[in-house]
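Colleague: Please walk me through this structure in short steps. I will ask, and you answer.

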Amino acid sequence: MGPRPFSADADEEFLHGRGTVDMKGGLVAALEALRNAAETGARAQVLITSDEEIGCLGATEASASLELTPRIVVVPEATRNRVSLGHRGATWLRLAAKGKAAHGSTPRLGRNAIRLLADRALGALDSLPLAADDYLGEETVNVGTFDGGTATNIVPASAVLTLDVRTVDGGAPSIAWASSLDPDISVEVALDLPAVRTARLPEMLSGKETAPAATYFTDASALAGSVGGAPIVIWGPGDPREMHAANEKLELESWRQASRDYLALILSVSPA
């Protein structure tokens, strides 16, 4: 059978379809465990938010009104049901260069905003200070977009590039670096999410297999300050390599295991 990215078909091994791993599988496993736990009188809560991938917008708004004191917070993102103790943060920067328009036949009369960004920002990217953490790993930077100019024969008066810096020690160093590049390059901080790290495997998950830090960020960055200091783990069904894959698919046994694991956790921290 060929590709079936939107089919939602299930066979003996997999559920096929985009979003099955990222992250409908984890969400449904959590809801299944919540329902089964409620039948025994045990209590837990599931918080569902939106717009995580464009900056945890839903979780950020929710955190302003949350008054939670949980024993543990589980983000059910894909980890192959191994327990990850955190992930890097994310600082998204928008660098806008101001130049001077001129005719393309007389570029000396203008100032090329694209070249300004290319020379002063991209040319200096290797000088961006990047830290590292023994668990979270190394900070990274990605040039996400680069836009500028209006026509081939016009010197561009403006240009914009965006940077995605994944951080272990906050966004301040990268913000300071960008702000010092050139007087004609302005910097806007579009997103500044902190890293998340739980120091050790929580006691209620003793014996569970651990995983490296997640490579992606999650709503945990926005919620960490609203959960009363509870440990936060990323722990869910599915192979992380399937996230955003063209033909995403979720192993059904991985989903079943997650549902069992979540139910056992709920019963251990909130016995009937």
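Colleague: Which residues are linked in a network of salt bridges?

Modeller: This is a predicted model, where local features need pLDDT of at least 70, side-chain atom pairs count only at pLDDT 80 or more, and totals for chains, interfaces and linings use all residues. Residues are numbered from 1 along each chain as its sequence is written, and side-chain values use heavy atoms, with hydrogens and water left out. A salt bridge needs a side-chain nitrogen of Lys or Arg within 4 Å of a carboxyl oxygen of Asp or Glu. Salt bridges of this kind link a network of Arg111, Arg120, Asp182 and Asp184.

Colleague: How many salt bridges are there by this rule?

Modeller: Side chains of opposite charge can pair when their charged atoms come close. The network of Arg111, Arg120, Asp182 and Asp184 is held by such pairs. By this rule, the count of salt bridges is 13.

Colleague: By about how much of a helix are Glu32 and Arg35 separated?

Modeller: The side chains of Glu32 and Arg35 meet in a salt bridge, at 3.0 Å from N to O. Both residues belong to helix α1 (helices are DSSP runs of H or I, at least four residues; strands are runs of E, at least two; numbering starts at the N terminus). Glu32 and Arg35 are three residues apart, so their separation is about one helical turn.

Colleague: Is Glu32 buried or exposed, or in between?

Modeller: Buried means under 20% relative accessible area, exposed means over 50%, and partly exposed is in between (1.4 Å probe, protein chains only). Glu32 has a relative accessibility of 24%. Therefore Glu32 counts as partly exposed.

Colleague: How many residues apart in sequence are the parts tied together by Arg197 and Asp133?

Modeller: Arg197 and Asp133 form a salt bridge, and their closest N and O atoms are 3.0 Å apart. Arg197 lies in strand β13, while Asp133 lies in strand β7 (residues 132-133). So the pair ties together parts whose separation in sequence is 64 residues.

Colleague: How do Arg197 and Asp133 count by accessibility, and what is the value for each?

Modeller: Arg197 counts as partly exposed, at 41% relative accessibility. Asp133 also counts as partly exposed. The value for Asp133 is 24%.

Colleague: Which partner in the salt bridge of Asp239 and Arg241 is buried?

Modeller: The side chains of Asp239 and Arg241 meet at 2.9 Å, N to O. Arg241 counts as exposed because its relative accessibility is 65%. The other partner has a relative accessible area of 12%, so the buried residue is Asp239.

Colleague: Let us turn to the inside. Which residues touch the most other members of the largest nonpolar core?

Modeller: In soluble globular proteins, nonpolar side chains tend to be buried together. A nonpolar core is a set of buried Ala, Val, Leu, Ile, Met, Phe, Trp, Tyr and Cys residues joined through side-chain atoms within 4.5 Å. The largest one here has 17 residues. Those that touch the most other members are Leu95, Leu117, Leu163, Trp177 and Ile185.

Colleague: Which element gives the most residues to this core?

Modeller: Elements that each supply at least two residues of the largest core are β5 (89-98), α3 (113-120), β11 (158-167) and α4 (172-179). One of them supplies four residues and gives the most. That element is β11.

Colleague: Which residues does Trp177 touch, leaving out those up to four places away in sequence?

Modeller: Trp177 is among the core residues that touch the most other members. Contact means heavy atoms within 4.5 Å. Not counting residues up to four places away, Trp177 touches Ala121, Ala124, Leu125, Ser127, Leu128, Pro129 and Leu163.

Colleague: How many residues are in the second core?

Modeller: The second core is separate. Its members include Ala29, Ala33, Trp235 and Ile266. Its size is 15 residues.

Colleague: Where is Leu205, and what does it contact beyond four places in sequence?

Modeller: Leu205 sits in the loop between β13 (196-197) and β14 (210-211). Leu205 is buried because its relative accessible area is 1%. Leaving aside neighbours within four places, its contacts are Ile72, Val83, Val233, Trp235 and Leu265.

Colleague: What separates the C-alpha atoms of Leu205 and Leu191?

Modeller: Leu205 and Leu191 are 14 residues apart along the chain. The separation of their C-alpha atoms is 32 Å.
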